[in-house]
Amino acid sequence: MKLVLFGKNGQVGWELQRALAPLGELIALDSRSTDYCGDLLNPEGIRQTILSIKPDIIVNAAAYTAVDKAESDAETAHIVNSVTPGVMAEAAAACGAWLVHYSTDYVFPGGGNTPWQETDNAAPLNVYGQTKLEGEHRIARVCNKYLIFRTSWVYASRGNNFAKTMIRLGKQKEILAVINDQYGAPTSAELLADCTAYALMQARQKPDVAGIYHLAAAGETTWHEYAQYVLNSVEKHTELAVRTVNAVQTTAYPTPARRPNNSRMNCDKFQRTFELTLPHWTRGVGRMLDELFSITL
Ligand code: NDP
């Protein structure tokens, strides 16, 4: 079996390189790849890549993810998040390949406190969310064999993440202020990659699983509670200066892009369809912290 992965060096892309490897011959690309075009700003180049490789599976982990920058760079976000995923779907249909794509809780308006279901009306608050929603629509219009996973609050051990920032600030400052009116579930890139590989294996046997799914870790938290969890977990490993973590509202940190307050995702459809139980968010974050400190020590 042949697989093509776009966005191999992103948080999710990096983990996918590991998780997809046992499924077959994996060709992993990024925007600088030279053997094949992996640049999503070049939709026709991406089409040629897919048509010449003729893969069985295409996984798109590339995206324009700079949420605030997208407000003033909408055209670039539109090409990367909407136009090119649509072209990938056309090429997937031409090859009979499966297409896996990731989307976001930011397609929802963020009101209320009920976890969003796949059937709820999308109404993004920002350009990033609009472009991701349009990408979903373009895919669903032109191919049948697709899996779109909408996820939230993604982190990875590699590179920067919220937990590492909190630890760094916690070492420097006595008082921190963290948002406590946005609700969601921190979801590890590792979990997303493992669930993707597992879902793909099932999809090959049961093509009727094609569709859109919410996929995030279980439970819910706020950035404030998440920060406290991280700091409490690491205080036995490292000396912290922080004494108080104040809870503040989103309005305390004005940003160009509006963000939803309610990013809770109802993942029942994913769990039912693929017969998996998604772990509580503290499992993945705890594991990442253990890994961080076992490497540091
Ligand atoms: P990252 O920002 O970590 O990775 C995105 C990748 O896309 C980067 O490797 C980047 O490469 C690549 N990319 C950007 N522009 C192009 C381009 N023109 N051509 C090729 N590659 C490009 O994102 P995540 O791994 O966190 O996100 C994976 C998916 O999950 C995305 O679809 C995202 O929308 C979705 N998602 C993410 C959330 C999050 O909290 N991060 C939340 C909800 C959904 P380079 O760095 O070289 O530009």
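A residue counts as near the ligand if one of its heavy atoms lies within 4 Å of it. Keep in mind that this is a predicted model.

**Exercise 1.** Find out how many residues surround the ligand, and which are the closest.

*Solution.* Start with the count: 24 residues surround the ligand. Next, pick out the closest, which are Q11, L40, T65, Y128 and K132. Now sort the shell by class: you get 11 nonpolar, 9 polar and 4 charged residues. Finally, look at the elements. α1 (11–20), β4 (98–104) and α4 (127–142) each supply at least two residues of the shell, and β4 gives the most, with 3 residues.

**Exercise 2.** Work out which protein atoms lie within 3.5 Å of a ligand oxygen, the cut-off for a polar contact.

*Solution.* Try the side chains to begin with: a polar side-chain atom of T65 sits 2.6 Å from an oxygen atom of the ligand. Then turn to the backbone. V12 has a backbone N or O atom 2.9 Å from a ligand oxygen, and a polar backbone atom of A63 is 3.1 Å from an oxygen atom of the ligand. As for cover, the ligand taken alone exposes 900 Å², and the protein buries 79% of that.

**Exercise 3.** Count the disulfides, then check C95 and C195.

*Solution.* A disulfide needs two cysteine sulfur atoms within 2.5 Å. For C95, the nearest cysteine sulfur belongs to C143 and is 11 Å away, so there is no disulfide here. C95 is partly exposed, at 25% relative accessible area. For C195, the nearest cysteine sulfur is that of C267, 9.3 Å away, so C195 is in no disulfide either. C195 counts as buried, at 7% relative accessibility. The total comes to 0 disulfides.

Conventions. Residues are numbered from 1 along each chain as its sequence is written. This is a predicted model: local features need pLDDT of at least 70, side-chain atom pairs count only at pLDDT 80 or more; totals for chains, interfaces and linings use all residues. Side-chain values use heavy atoms; hydrogens and water are left out. A polar contact is a pair of N or O atoms within 3.5 Å; within protein, one must be able to donate a hydrogen and the other to accept it, and residues adjacent in sequence count only if both atoms are side-chain atoms. Accessible areas come from the Shrake-Rupley method with a 1.4 Å probe; for residues, only the protein chains shown count as cover. Helices (H or I, at least four residues) and strands (E, at least two) are DSSP runs, numbered from the N terminus. Ala, Val, Leu, Ile, Met, Phe, Trp, Tyr, Cys and Pro count as nonpolar, Asp, Glu, Lys and Arg as charged, and the others, Gly among them, as polar. Buried means under 20% relative accessible area, exposed over 50%, partly exposed in between (1.4 Å probe, protein chains only).
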